[in-house]
Amino acid sequence: MLINYLTTLFQKKRYYKAVSFFSFWDKYTSFSKSVYIGFGVRLGNAKIGNYSRVRQLSTIYYTEIGKFSGIGVNSRIGIGQHPLNLLSTNLIFYKKNQIKNSWVRNIDFQEYKPTKIGNDVWVGESVMILGGIKIGDGAVIAARSVVTKDVPPYAIVGGVPAKIIKYRFDQEIIKRLLEIQWWNWSESKIEKNIEIFTKENISLKDLEVFNFKKKIPKAKPFIQKSY
Ligand SMILES: CC(C)(COP(=O)(O)OP(=O)(O)OC[C@H]1O[C@@H](n2cnc3c(N)ncnc32)[C@H](O)[C@@H]1OP(=O)(O)O)[C@@H](O)C(=O)NCCC(=O)NCCS
């Protein structure tokens, strides 16, 4: 048992240089070597896209996260629900549990709804995102927000419940960015165009150079690896 555990730790460190020894995931979770996963992170049924970062103590369940996204410290994503229309919300009546199982009955209820977080999304510190929510590409979730509704691409939302504060860019630029989908570029294309990533206040003219007609390369599949 102990040997198994230590081997797993060793493998984690060897293959996943940016993954903390003390992070945990189940066999339904997948990510490649190009992700950062911090101390104490727990992942269940999660897919993390390349170059995305999950900072320490966050938990993510039944969620797909795109590429180049960042999840702040201590965030909770894909939170489950209990039924509201039964006599009791207590799972002792419908789910195998640690206290009493003879009362458990089958009910038609989905505790965890799939959650989707796009590409280049920044989730601030201590954010909660309820299960079943979709966060559009390029969105920002302000620190300590509770997200209860879908968030459009490139919106900045904040508060409890989270509301739209503003957009990162004007709608024309957002439209172009969603066409370009730079997060699907190859590494060499990113390198060739690296200057645009540090240019302030990008304009439509800056984006004109990219060929929108060109077919966008299909995203590489996630590498399934679990211990
Ligand atoms: C969302 C955020 C990016 C906005 O930054 P900004 O553009 O500089 O925004 P401003 O400070 O000008 O605030 C704009 C409005 O949003 C509100 N706001 C800012 N942060 C907020 C928050 N966390 N929750 C609710 N409202 C917030 C402001 O009160 C302001 O409201 P007003 O227009 O009614 O006065 C920033 O506030 C934030 O939360 N960043 C995340 C920080 C973090 O978690 N860091 C950890 C590192 S991963």
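These legends walk through several close-up views of a predicted model.

**View 1. The whole chain, before we zoom in.** Start with the overall picture: the chain has four helices and 16 strands. Along the principal axes, its C-alpha atoms fill a box of roughly 65 × 45 × 30 Å. Of the 227 residues in the chain, 25% are buried. If you take the contacts with a separation of 6 or more, residues 24 or more positions apart account for 31% of them.

**View 2. Two domains and where they touch.** The domain assignment splits out domain 1, made of 2-80 + 112-168, and domain 2, which covers 169-216. Their centres, taken over C-alpha atoms, sit 24 Å apart. At the contact between them, 11 residues of domain 1 meet five residues of domain 2. On the domain 1 side, that touching set breaks down into four nonpolar, three polar and four charged residues.

**View 3. What surrounds the ligand?** Around the ligand you'll find Gly72, then Gly124 and Glu125, then a run with Val140, Ala142, Ala143, Arg144 and Ser145, and finally Ile156, Gly158, Gly159 and Ile165. Sorted by class, this shell holds five nonpolar, five polar and two charged residues. Keep an eye on Gly158 and Gly159, both part of the ligand's surroundings, as they turn up again in the hairpin view: Gly158 has a bridge partner in E16, and Gly159 is in the turn.

**View 4. The seven-stranded open sheet.** Reading across, the strand order is E3-E5-E7-E10-E13-E15-E16, and the pairing is mixed. Strand E3 (36-37) and strand E16 (163-167) are the edges; each has a single partner strand, so one side of each has no neighbour in the sheet. Further in, strand E5 (residues 53-54) pairs with strand E7 (residues 70-71) in the parallel sense, over two bridges. To spot that pairing, look for Val54, whose bridge partner in E7 is Ile71.

**View 5. The E15-E16 hairpin and its cis proline.** Strand E15 (residues 155-158) and E16 run antiparallel and are joined by four bridges. One handy landmark is Gly158, with Lys163 as its bridge partner in E16. The two strands form a hairpin with four residues between them, and Gly159 in the turn has a positive phi of about 100°. There's another backbone feature here: the peptide bond that joins Val160 and Pro161 is cis, with omega about -10°. Pro161 belongs to the loop between E15 and E16.

**View 6. The largest nonpolar core.** This core counts 32 residues, and Ala139, Ile141 and Val147 are the ones with the most contacts inside it. Strand E4 (42-48), strand E6 (59-65), strand E11 (128-130), strand E13 (140-141) and E15 each supply at least two of its residues. E6 gives the most, with four residues. Zoom in on Val147 and, leaving out residues up to four places away in sequence, you'll see it touch Val127, Met128, Ile129, Leu130, Ile133, Ile141, Val157 and Ala162.

**View 7. Two loop residues with positive phi.** Neither of these is a glycine: Asp120 has a phi of about 55°, and the phi of Ser126 is near 55°. Asp120 is in the loop between strand E9 (115-117) and strand E10 (122-123), whereas Ser126 is in the loop between E10 and E11. Buried or partly exposed: which is Ser126? Ser126 is partly exposed, with 16 other C-beta atoms within 10 Å. Asp120 has 23 C-beta neighbours inside 10 Å, so it counts as buried.

**View 8. Val104 in its loop.** Our last stop is the loop between strand E8 (76-79) and E9, where Val104 lies. Val104 has 14 other C-beta atoms within 10 Å, so it is partly exposed. Setting aside neighbours within four places in sequence, its contacts are Phe93, Tyr94, Lys95 and Lys96. For a sense of scale, compare Val104 with Glu208: 104 residues apart in sequence, they are 60 Å apart in space, C-alpha to C-alpha.

Conventions. Residues are numbered from 1 along each chain as its sequence is written. This is a predicted model: local features need pLDDT of at least 70, side-chain atom pairs count only at pLDDT 80 or more; totals for chains, interfaces and linings use all residues. A residue is near a molecule or strand if its C-beta atom, placed from the backbone, lies within 6 Å of it. Ala, Val, Leu, Ile, Met, Phe, Trp, Tyr, Cys and Pro count as nonpolar, Asp, Glu, Lys and Arg as charged, and the others, Gly among them, as polar. Domain bounds come from an automatic or database domain assignment. Two residues are in contact if their C-beta atoms, placed from the backbone, lie within 7 Å. Two strands pair if DSSP finds at least two bridges between them. A nonpolar core is a set of buried Ala, Val, Leu, Ile, Met, Phe, Trp, Tyr and Cys residues joined through C-beta atoms within 7 Å. A residue is buried if 20 or more other C-beta atoms lie within 10 Å of its own, exposed if 12 or fewer, and partly exposed in between; C-beta atoms are placed from the backbone.
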